[in-house]
Amino acid sequence: MRRLHDVWKRYVPTKFIHILDIPMGTLSLGTSYLREEFNKLKIALEKHASITISDEDIKDAIEVFSKSRLIYNQLNSLRTENPPSISGTDLMNLTSDFFKMEPKIWNDNTQGILKEIKIKTQNGALNNNPRILLSGSPLHEINFISFIEEIGLNIVYEDLCTGSKFFDLVIKDSQDVLTSLSEAYLNRTPCARMMQIKERVNQIYRTAEKFRVDGVIHHSLKFCDTHLYDVPTLKTMLTEKGLNVLFIESDGGLGNINQIRTRIEAFSEIIKSKKKVKENSIQ
Amino acid sequence: MLEKYFTQLEASLNAKLNAKPTARRKFVYEIARIGSRIFNDNWSIGWTTVFVPYEILTSMGVSGMFIEFFGAMLAGTGMSSKYLELSESKGFSTDSCSYHRTIIGAAMDGLLPKPDVLIGASIPCNGGVKALKRMGEIFNKEVFILNIPIEVTPKSIDYLTEQFEQMIEYVENQTGRKLDYDKLKKSIKYNNQAREYLIEINDLCKNIPSPANSNDLKNFIIIVLLQGTKESVEVAKLYRDEFKFRVDNNISGNSEEKYRLMWIQNRIQFKTDLLRILEENYGAKIVIDELNHIWWEPMDENVPLRSLAKRIITHPIVGPAERRLEVITQLAQEYKIDGAVNPAHLGCRQSAGARVLFKDALQKIGIPLIHLDVDCVDERNYTPGQIMTRMEAFLEMLSNY
């Protein structure tokens with residue numbers, strides 16, 4: 001990522017570019033360091049836009065974003081139902097809009113959608129496909145989600161920094177607003193770069209239970225060390241917890257689509273046959 | 001097996017050293033002694049990444065060993081393929097760094113002694129910390145992570161200094177060993193003495209012809225294993241004396257010096273004839289390795305932790321690429337190089353990730369650069385003929401430049 005910053009700065013004319021140095025691991029010293037990093041970002045933004053950012057401004061923004069998280073999580077809870085009353089593709093479209101849109105407008109628009117979906121889903125279920133938790137590298141390609149769903153799987157949770165996990169953040173009130181932010185970001189559900197794989201596995205497992213998932217697809221971008229070095233351990237630990245796991249490596253798009261399709265289809269078959277065996281044994 | 005290897009290596013190098021003392025022999029001998037030390041019960045063992053301050057570990061009776069060195073060593077002895085295959089069979093991607101995959105495979109295979117401490121720094125790469133985390137799982141040991149700040153400010157130096165204090169606490173808890181503060185102060189003194197010699201060594205290599213051949217200072221970065229010891233001063237002084245003698249007596253490191261080259265980042269670690277052929281057949285010589293540059297200021301023994309923090313934070317590879325590019329450009333000019341070689345180690349986000357920036361920076365001062373795109377540790381896919389052809393074409397281009 002640091003090299004991306006360097007190359008971007010050199011070759012892509014961009015008005016504002018700033019690198020945030022986010023500590024990893026669990027040292028308590030990290031909170032005050034990150035607070036200072038946030039402060040540096042604030043000063044850089046103030047300078048760039050010739051504005052002053054007050055604590056009140058930040059508190060207002062936190063409120064707006066907290067509302068976004070609330071709305072998202074209400075929508076996301078529709079996927080705890082079996083069958084889910086919103087598809088992974090539809091929710092990922094909304095998530096994608098969030099990253100492109102003024103959050104206040106997104107909040108207004110999405111609240112309306114929430115009501116519509118609630119009315120629409122009273123008419124019945126979408127489908128009974130196996131339920132999947134998608135984990136791994138950030139994904140900006142919504143087609144990747146729809147591609148998996150078209151194969152016959154329901155994505156019910158995106159454990160991605162660009163998916164459901166983004167909205168899993170609680171900012172507590174404190175005297176110092178930047179400290180609150182710093183604590184929230186460092187103590188949130190750890191992503192792969194935070195080097196806390198056990199905590200991450202436990203969180204994935206808890207989420208898998210809550211969303212009643214049948215399998216985990218762990219996706220890593222090619223050359224993404226942050227995820228690739230974790231794959232063997234993550235896979236072993238999740239399998240030990242009784243989860244079906246499929247690891248996919250891709251360039252984030254659908255370049256090698258047919259190869260991936262075959263693997264996902266095989267994974268889907270395995271899940272379905274395991275479910276059938278389980279159902280038969282219950283009967 | 002490893003213990004026997006290091007014991008035999010130490011003995012044979014000692015015999016060679018006694019027969020004909022040279023700086024290189026002394027250097028390799030001292031490194032072999034560090035290798036043997038990880039089997040010495042008087043020491044605790046610490047596996048680390050490269051930018052961990054060994055002065056602190058040594059002053060606590062912890063023998064540090066950085067994983068990238070060990071990966072390189074296994075490649076040099078022709079053993080890396082076995083461990084690469086093992087780690088790959090367990091699901092480690094071939095797109096990740098082979099230095100790390102080798103050490104993970106070696107740990108899986110039971111080659112490595114169980115560490116007492118594992119310490120990883122966020123610089124140069126996350127991969128190193130991740131590799132240590134996997135080793136921590138194999139050995140059931142906690143890993144301590146040092147976050148190296150990317151900006152040089154008094155606050156960032158304070159931050160890293162405080163992390164060192166916590167690291168000392170971690171080492172104490174894991175090993176029961178206390179920091180000997182006097183030893184630490186002494187190690188800073190040794191570091192400053194060695195630093196003076198190292199600067200002289202590098203300055204002597206600016207001579208045309210350089211007193212060093214391409215292999216005299218190969219992998220010299222592993223001197224970090226000796227940092228802050230009297231042996232590091234002895235090694236550095238021997239090199240200085242040897243090079244000074246060669247310069248004073250007009251002895252070149254090799255017979256001809258037609259092309260002066262700079263090597264960026266790590267060397268190719270497995271056995272290859274590449275550099276010998278380049279020297280002997282083409283008069284092309286590595287006169288400076290980027291990693292041999294001495295970037296840090298003399299340290300203050302009265303504030304050892306803070307001085308060590310500053311040394312790490314000011315490393316050119318920390319922070320935005322500009323710092324590194326500035327050093328590369330400066331070295332190119334000071335050593336009057338004709339061309340630069342970047343192996344662009346596959347799997348390395350630092351050397352491969354910044355490749356285009358290296359090329360741009362050197363092009364600005366009229367120095368051509370070649371990216372070899374080799375895996376410096378994994379010889380399974382190495383194609384010597386192809387690499388040689390590319391180097392030949394590069395040298396031909398340099399002759400007309």
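Let me start with strand 1 of chain A, residues 131-136, which is joined to strand 2 of chain A by five bridges, the two strands running parallel. I should say at once that this is a predicted model, and I will keep to what was computed from it. One of the pairings can be picked out by residue, since Ile132(A) has Ile155(A) in strand 2 of chain A as its bridge partner.

These two strands belong to an open sheet of four strands in chain A, with the order 2-1-3-4 and parallel pairing. At the edges, pairing on one side only, are strand 2, residues 154-159, and strand 4, residues 244-250, of chain A. If we ignore direction, neighbouring strands of the sheet are turned against each other by 25° on average. Packed on this sheet is helix 8 of chain A, residues 197-210, which touches strand 1, strand 2 and strand 3 (215-221) of chain A, and whose direction makes about 160° with that of strand 1 of chain A.

Turning to where the chains meet, the contact takes 29 residues from chain A and 31 residues from chain B. On the chain A side, two or more residues each come from helix 1 (2-11), helix 2 (29-49), helix 9 (225-228) and helix 10 (231-240) of chain A. That side of chain A divides by class into 14 nonpolar, four polar and 11 charged residues.

Now to chain B, for which the domain assignment gives domain 1, residues 2-179, and domain 2, residues 182-399. Taken over C-alpha atoms, the centres of these two domains of chain B are separated by 21 Å, and 47 residues of domain 1 are in contact with 44 residues of domain 2. Several helices of chain B supply at least two residues each to the domain 1 side, among them helix 3 (54-58) and helix 8 (154-175), while the largest share, seven residues, comes from helix 2 of chain B. By class, this side of domain 1 of chain B has 26 nonpolar, 14 polar and seven charged residues.

Finally, a helix pair in chain B: the axes of helix 6 and helix 7 (residues 126-139) come within 10 Å and cross at roughly 5°, which makes helix 6 of chain B roughly parallel to helix 7 of chain B. Helix 6 of chain B contributes His100(B), Ile103(B), Ile104(B), Ala107(B) and Met108(B) to the contact, and the residues from helix 7 of chain B include Gly127(B), Gly128(B) and Arg134(B). The residues of this helix contact in chain B divide into seven nonpolar, three polar and one charged.

Notes
Residues numbered from 1 in each chain as written. Chains lettered and ligands numbered in written order. Predicted model: local features only at pLDDT ≥ 70, side-chain atom pairs only at ≥ 80, totals over all residues. Domains from an automatic or database assignment. Contact = placed C-beta atoms within 7 Å. Nonpolar A, V, L, I, M, F, W, Y, C, P; charged D, E, K, R; others polar. Axes fitted to C-alpha atoms, helices over the stretch in contact; angles between N-to-C directions. Parallel < 35°, antiparallel > 145°, perpendicular 65-115°, else oblique. Pairing = 2+ DSSP bridges.
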